[in-house]
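Work through these exercises with the model open beside you. Try each task before you read its solution.

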Amino acid sequence: VYAVEGSRIADTAEELIAENGLSGQITLLRGYSHAITLPQRCDLLVSEMVGHYGIEEDICEIFADARERLLTPCARIIPQTLDLFLAPVQVPEFQEACDRYTALDAQVGVPFFQRTRIPALIRSSYIGDFASYTRRIVAQPRCIASIDITSASTSDLSVGIHYHIKKSGIIDGCIGWFACDLGYGIRIQTSPWDEKTHWQQCFFPHDPVEVRLGDNVLVKFSYKKPDDERLPRFSLNIEKI
């Protein structure tokens with residue numbers, strides 16, 4: 001067994017391996033998988049490179065490199081698939097926070113709280129757990145992408161999804177989550193209706209869009225890893241049709 005770890009948690013892993021008498025069975029390799037080589041190709045890859053929305057930790061790119069360089073042709077990979085879900089949602093607190101921070105910027109004369117930064121600033125205060133906010137979803141959630149991690153080479157995606165509005169109100173963005181197949185019928189789901197995990201649902205903000213029962217909207221959603229990590233990876237556009 002080769003344990004590959006690029007962070008300081010490798011120190012703890014090394015201690016645990018030794019304390020459990022497994023130093024002869026587990027070889028710790030310090031570094032990131034794309035920068036290491038193995039003495040031999042392996043028959044199994046297990047890795048938790050799964051972000052809150054499944055793909056933003058570069059799982060497809062990392063696994064593609066591992067398939068090419070580190071694994072045997074018939075190696076088993078865990079996890080195997082990712083399904084991404086998205087639904088329009090009302091989160092008036094987000095718009096209120098935008099107004100507060102914009103007003104603060106005007107008072108101090110410094111654009112510190114730019115709108116693009118606000119989701120990260122206020123996420124933990126109310127966006128972190130949507131379990132009690134399912135009533136805010138205004139259209140049936142849709143699966144926007146199904147990714148086979150055993151063959152995918154990139155996480156980039158661009159989709160357009162139509163939604164039929166089930167509840168009048170104002171759309172402030174979309175809520176997203178994922179479902180993940182580990183194999184042998186084991187499936188992890190992180191929707192607001194499923195058992196809570198350490199993953200959180202994601203909120204993708206948008207300027208307010210007023211909708212009425214029976215309206216149809218088009219949600220354009222894309223993901224692309226930027227060259228500059230400080231730039232956003234996700235983009236969202238919502239329009240009535």
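**Exercise 1. Find the residues with the most partners in the largest nonpolar core, then follow one of them.**

Step 1. Fix the terms. A nonpolar core is a set of buried Ala, Val, Leu, Ile, Met, Phe, Trp, Tyr and Cys residues joined through side-chain atoms within 4.5 Å. Buried means under 20% relative accessible area, exposed means over 50%, and partly exposed lies in between (1.4 Å probe, protein chains only).

Step 2. Read off the centre of the network. The largest core has 45 residues, and Leu-82, Leu-84, Leu-86, Ile-144, Val-219 and Phe-221 touch the most other members.

Step 3. Follow Phe-221. Leaving aside residues up to four places away in sequence, its partners include Tyr-53, Leu-86, Ile-144, Phe-204 and Phe-234. Contact here means heavy atoms within 4.5 Å.

Step 4. Look for another core. A second, separate one has 11 residues, among them Phe-85, Ala-87, Val-91 and Trp-177.

Step 5. Place this in context. In soluble globular proteins, nonpolar side chains tend to be buried together.

Two notes on the source: this is a predicted model, in which local features need pLDDT of at least 70 and side-chain atom pairs count only at pLDDT 80 or more, while totals for chains, interfaces and linings use all residues. Residues are numbered from 1 along each chain as its sequence is written, and side-chain values use heavy atoms, with hydrogens and water left out.

**Exercise 2. Describe the surroundings of strand E5 (81-89).**

Step 1. Know the labels. Helices (H or I, at least four residues) and strands (E, at least two) are DSSP runs, numbered from the N terminus. The chain has four helices and 12 strands.

Step 2. Check burial. Eight of the nine residues of E5 are buried, so the strand is largely enclosed by the rest of the structure.

Step 3. List the strand partners. Two strands pair if DSSP finds at least two bridges between them. E5 runs antiparallel to E6, with six bridges. Asp-83 faces Ser-146 in E6. E5 also pairs with strand E8 (residues 169-183), antiparallel, over nine bridges. There, Pro-88 stands opposite Cys-174.

Step 4. Add the helix. The buried residues of H2 pack against E5, and also against E3, E4 and E6. Those buried residues are Ile-59, Cys-60, Phe-63, Ala-64, Asp-65 and Ala-66.

**Exercise 3. Trace the salt bridges of Asp-58.**

Step 1. Define the pair. A salt bridge is a side-chain nitrogen of Lys or Arg within 4 Å of a carboxyl oxygen of Asp or Glu. The structure holds eight.

Step 2. Take Lys-225. Its side chain meets that of Asp-58 at 3.2 Å, N to O. Asp-58 sits in the loop between E3 and H2, and Lys-225 in the loop between E11 and E12, 167 residues apart.

Step 3. Take Arg-233. Its salt bridge with Asp-58 has its closest N and O atoms 2.9 Å apart. These two residues are 175 apart in sequence.

Step 4. Compare exposure. Asp-58 is buried, at 12% relative accessible area. Arg-233 is buried at 17%. Lys-225 is partly exposed at 37%.

**Exercise 4. Explain what the Arg-30 and Glu-14 pair ties together.**

Step 1. Find the bridge. The closest N and O atoms of Arg-30 and Glu-14 are 2.9 Å apart.

Step 2. Place the ends. Arg-30 lies in strand E2 and Glu-14 in helix H1, so the pair ties together parts 16 residues apart in sequence.
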